[in-house]
Amino acid sequence: MKPICKKPKHGQLNPADRLSALPDNVIYRIISFLGFKEACRTSILSKRWTYISDTNPVMELSNDVFSAVPDLGNWYNSIVKVDSFLKYTETRMKRYSKYKLHINKLKLGFPIRKMTFPNSKVLLENKVEKWVKIAVRNQVAGLVLNGPKNYVLSDILFTAKSLRRLDCSNLEIYDYEGIDIFPSLECLFLHEVFVDDSILNRIISSSLLLKHLRLSGCYGFYKSIKSIVIPANSKLETLDLSKSLSIDEGKVTIDSSSLTSFQYIGDSRNCAVIGDRVERWPVFSKDSSLRNLRILKIGLVSITDEVLDKLLSDLVLLETLKLCNCSVLRTIRISSVLIKDVRLENCSDLLEVSIDAPCLETFEYKGDFEPSMCINALAVCHISLHIPSTSFCTDRVSKLKKLLIGLGNCHVFKIVLLDDPAEPNKNECDDIDFDDEKLANAHLGPPCDIRELKLTLSSETLSKSRLSAFSNGVFWTCHPRTFSLRVNSEAPKVIIEPLIRKLKEMANCLKHPLKRVEVEGSNWSLEARKKVLDVQLRLHW
């Protein structure tokens, strides 16, 4: 084992090197913002930095970071890379054990379960067990442990008094009766972990300092997790349950009033198996237990209008609400003085949205532009609509104008036009007719003045005729002072140039309220192998 480099004396440092003269804890803090590989590379700078690298309390030891992920196409090189990585990890952990160096954060990642060379699983589990014990003896505060698959979490972690954060993936947790569980743990994140109801509830009730709990894709040993109980004496502030509860019998009982953020996402895999049935709303709480909740996110759940209305009426301090894929909802009514952020995504059967929130700042809607929306807000700054391009017809334009009028003071209005794979050749956008009796008799008033309009589209979204109808429809509803365009396609100019030409034709028309168009700037970038062109226009009305 290579001996640790001795820390150079202060007089041996170069006076011009002010960074190396900083105390160790300050330098550790600086390099903590780097990746582990980049932090190790600083060891070539000088003896001082070699010492810093050898004693860095943050270690990220995972074979994906060190490019040691198994490649079944090149078996020999895979074994060599993995073996080299394991030897490096073994050497580094022995050094920390010998010199009793403090470990603040340790990440151990071993996705090598695809390899089947003899005794690989048993040897790896023994090494992981030894390294975890070294970390606990060296007062580890944060541990990230990814596999190996079916690895049983060491019992020494249950009694570790220095452990504040534990993040586990692809392993199993058994109960160890007669011992205190995680006496100092504050954050527990479990992803695809096999854990029983009794163990999980014992962890929640015994870890008196636990503030953040996240379960993602977790299952019981013989069945799905059926019951989670948050007791009244719990200090839990954040609870995130994603695809972890039983679809038929799952139940979450919340008696603690300390919860400020709650997210529940149903299991889409189970929903697909049972066909038309969707998951019921499994959360039960006392009337006052959720009184301090400020963030609520719900997805893939069959929550009804009545249950949602009752839930929102109890959440008097709610500031952020997100509903995603709640297919049973028909009507959403929100009346709150404190709510600031509302996001609705793919609620397919939604018919009506009514929001009375004076302090609302952000409203985002993704899906077909079908529901009737009425928003009464004084301070709203950002509104974002993600809608299929085929949804923009005469009726939708009228609804959009009513929505903007209700918002009152909208600063930024963003529209993202999505492709509609179900009906790619449908040209409803061509049907916008401003001589239509529906628009003529609507009496909606003049277009709304807004500070900025953001439009995102692609070459597949709109044809030239659609683009002309769409621009007329948008400017019938609002008069933006700044028009920001983002085009994501293989040939962005094919869309940008006709649109700018159309705007200039509007400005040259004496009857049109648009008087002048100025191109303020453009910027090219590359996203997902497609060219992205951002153009900013200044419009004078």
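Arg481 is partly exposed, with a relative accessible area of 39%. The residue belongs to strand 22, which covers residues 478-489, and Arg481 takes part in a positive surface patch together with Lys414, Arg451 and Lys454. The model described here is predicted. The protein has 541 residues, and 47% of them are buried. Its secondary structure amounts to 12 helices and 24 strands.

**Strand 22 and the positive patch**

- Lys414, Arg451, Lys454 and Arg481 make up the positive patch on the surface.
- Arg481 reaches 39% relative accessible area, above the 30% that a patch residue must exceed, so its accessibility allows it to be part of the patch.
- Thr482 is also placed in strand 22.
- Thr482 has a relative accessibility of 10% and therefore counts as buried, the limit being under 20%.
- Leaving aside residues up to four places away in sequence, Thr482 touches Arg451, Glu452, Leu453, Gln536, Leu537 and Arg538.
- One of these contacts of Thr482, Arg451, is also a member of the positive patch.

**Nonpolar surface patch**

- Leu19, Val26 and Ile30 form a nonpolar patch on the surface, and their accessible area together is about 220 Å².
- Val26 lies in helix 1, residues 24-31.
- Val26 counts as partly exposed because its relative accessibility is 35%, between the 20% and 50% limits.

**Buried parts**

- Leu321 is part of strand 13, which spans residues 320-324.
- The relative accessible area of Leu321 is 0%, so the residue is buried.
- Contacts of Leu321, not counting residues up to four places away in sequence, are Leu296, Leu312, Ile334, Ile339, Asp341, Val342 and Arg343.
- For Leu321 and Val342, which are 21 residues apart along the chain, the C-alpha atoms are separated by 5.0 Å.
- Helix 6, residues 197-206, has buried residues at Asp197, Ile199, Leu200, Asn201, Ile203 and Ile204.
- The cover over the buried residues of helix 6 includes strand 5 (187-191), strand 6 (212-216) and strand 7 (227-230).

**Salt bridges**

- Side chains of opposite charge can pair when their charged atoms come close.
- The whole structure contains 14 salt bridges.
- One of them joins Asp54 and Arg95, with the closest N and O atoms 3.6 Å apart.
- Asp54 lies in helix 3 (residues 47-54) and Arg95 in helix 4 (residues 75-99), so this pair ties together parts that are 41 residues apart in sequence.
- Asp54 is buried at a relative accessible area of 10%, and Arg95 is buried at 8%.
- Lys310 and Asp314 form another salt bridge, with an N to O distance of 2.8 Å.
- Both Lys310 and Asp314 are in helix 8 (residues 305-314), where they sit 4 residues apart, about one turn of the helix.
- An α-helix has 3.6 residues a turn, so residues three or four places apart point the same way.
- Lys310 counts as partly exposed at 44% relative accessibility, and Asp314 is partly exposed with a relative accessible area of 25%.
- Lys366 pairs with Glu364 in a salt bridge whose closest N and O atoms are 3.5 Å apart.
- Lys366 is partly exposed at 24% relative accessibility, whereas Glu364 is buried with a relative accessible area of 15%.
- Elsewhere, Glu90, Lys94, Lys127 and Lys130 are joined into one network by salt bridges that share partners.

**The protein as a whole**

- The accessible surface comes to about 26,600 Å², and carbon and sulfur atoms account for 51% of this area.
- Of the contacts between residues at least 6 apart in sequence, 59% join residues at least 24 apart.

How values were computed. Residues are numbered from 1 along each chain as its sequence is written. This is a predicted model: local features need pLDDT of at least 70, side-chain atom pairs count only at pLDDT 80 or more; totals for chains, interfaces and linings use all residues. Side-chain values use heavy atoms; hydrogens and water are left out. Patches are made of residues with over 30% relative accessible area and no salt bridge: like charges are joined within 9 Å, nonpolar side chains (Val, Leu, Ile, Met, Phe, Trp, Tyr) within 5 Å. Accessible areas come from the Shrake-Rupley method with a 1.4 Å probe; for residues, only the protein chains shown count as cover. A salt bridge is a side-chain nitrogen of Lys or Arg within 4 Å of a carboxyl oxygen of Asp or Glu. Lys and Arg count as positive and Asp and Glu as negative; His and the chain ends are not counted. The place of a charge is taken as NZ of Lys, CZ of Arg, CG of Asp or CD of Glu. Helices (H or I, at least four residues) and strands (E, at least two) are DSSP runs, numbered from the N terminus. Buried means under 20% relative accessible area, exposed over 50%, partly exposed in between (1.4 Å probe, protein chains only). Contact means heavy atoms within 4.5 Å.
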